[in-house]
Amino acid sequence: MRTKLIGLGPDTGAPDLIGVGLVRLAVEERLTPAAAPWLAPLRAASFADAWLTFGDPAAPGLRVPAEAVLQAVVRRAAELVLRRHGGDGPAALEQLGRESAEAREWARLAEVCHPAEPAALVLLWHGVRSATAGTGPIAAAERASHTAAVAARCGAYVRDHCRRQDLLALVLACARSAAAALADLTDDDRDRALAELDAQAAQYMAPTAPVPLWVPGRPAGPAS
């Protein structure tokens, strides 16, 4: 049972831990010099086979539903985008709006029929809105509405006959946005970026549990 091996259950930190792993893959793709362009899709597909389930009737190892991991990656990416903008929510939302429009235009010019990037940026827009909702009952309701909007947008994008392909494309697009923000925050320093992700991963792993294969070494301890 994979989630048992890392000391977690699907209702605790497993989606967040897997989300960190996906962002780590995207960081390595972005900041590893001379990385073979064909390698990243293969690694992403292998990671998905090991850790995610896409509505499979019998998923071995209690893999985590991709929808839950998508929500976790959206939260992680929104947090990083906000940090990149110094916590300025309106500036972050404006930038995401511009990037989404540019992604849609690129897809139109390239004649990409079902692009993930514009849809993923809309999910991040809702993630930033949720992250800046504040506190209190009204804020909690607003956060819930944006979480529901992410699920609804995901459902609108994913085609029944391409469920795995579309869900994975959304998750990876969000992970790439998170990696881009983290690269900016760390001045494109691969080691710094990966060290931050290792510290985040430590928060979701039991101290005595075996390290997931994608974690190159157990971090010293949970980030304070």
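Start with the whole chain in view and look at how its contacts are spread: among contacts between residues at least 6 apart in sequence, 67% join residues at least 24 apart. Keep in mind as you go that this is a predicted model.

**The overall layout**

Colour the chain by secondary structure. You should find 9 helices and 2 strands. Walking along the sequence, you pass them in the order α-α-α-β-β-α-α-α-α-α-α. Now switch on the surface. The accessible surface comes to about 11,200 Å², and carbon and sulfur atoms account for 58% of that area. Of the 224 residues, 45% count as buried.

**Stop one: a pair of helices**

Select residues 14-31, which form helix α2, together with residues 190-202, which form helix α9. How do the axes of these two helices cross? They come within 10 Å of each other and cross at roughly 175°, so α2 and α9 are roughly antiparallel.

Next, show the side chains where the two helices touch. On α2, pick out L17, V20, V23, R24, V27, E28 and L31. Facing them in the contact, α9 supplies R190, A193, L194, L197, D198, Q200 and A201. If you colour these residues by class, the contact shows 9 nonpolar, 1 polar and 4 charged residues.

**Stop two: helix α3 and a partner further along**

Move on to A50, which you will find in helix α3, residues 39-51. Is A50 buried, partly exposed or exposed? With a relative accessibility of 27%, A50 counts as partly exposed. Now add R63 to the selection and draw a distance between the two C-alpha atoms. A50 and R63 are 13 residues apart along the chain, and their C-alpha atoms are separated by 7.4 Å.

**Stop three: the cysteines**

Finish by selecting the cysteines. A disulfide is a covalent bond between the sulfur atoms of two cysteines. How many disulfides does a search of the whole structure find? The search finds 0.

Zoom in on C162, which is in no disulfide. Its nearest cysteine sulfur belongs to C113 and lies 8.9 Å away. C162 counts as buried because its relative accessibility is 14%, and the cut-off for buried is under 20%.

Then go to C174. Why does its sulfur form no bond with the closest cysteine sulfur? That closest sulfur is in C154, 9.1 Å away, which is too far for a bond; a disulfide would need the pair within 2.5 Å. Try hiding and showing the surface around C174 too: at 0% relative accessibility, C174 counts as buried.

Terms used
Residues numbered from 1 in each chain as written. Predicted model: local features only at pLDDT ≥ 70, side-chain atom pairs only at ≥ 80, totals over all residues. Heavy atoms only, no water. Axes fitted to C-alpha atoms, helices over the stretch in contact; angles between N-to-C directions. Helix = DSSP H or I, 4+ residues; strand = E, 2+ residues; numbered from the N terminus. Parallel < 35°, antiparallel > 145°, perpendicular 65-115°, else oblique. Contact = heavy atoms within 4.5 Å. Nonpolar A, V, L, I, M, F, W, Y, C, P; charged D, E, K, R; others polar. Buried < 20%, exposed > 50% of the residue type's maximum accessible area, 1.4 Å probe, protein only. Areas by Shrake-Rupley, 256 points an atom, 1.4 Å probe, with all protein chains shown as cover.
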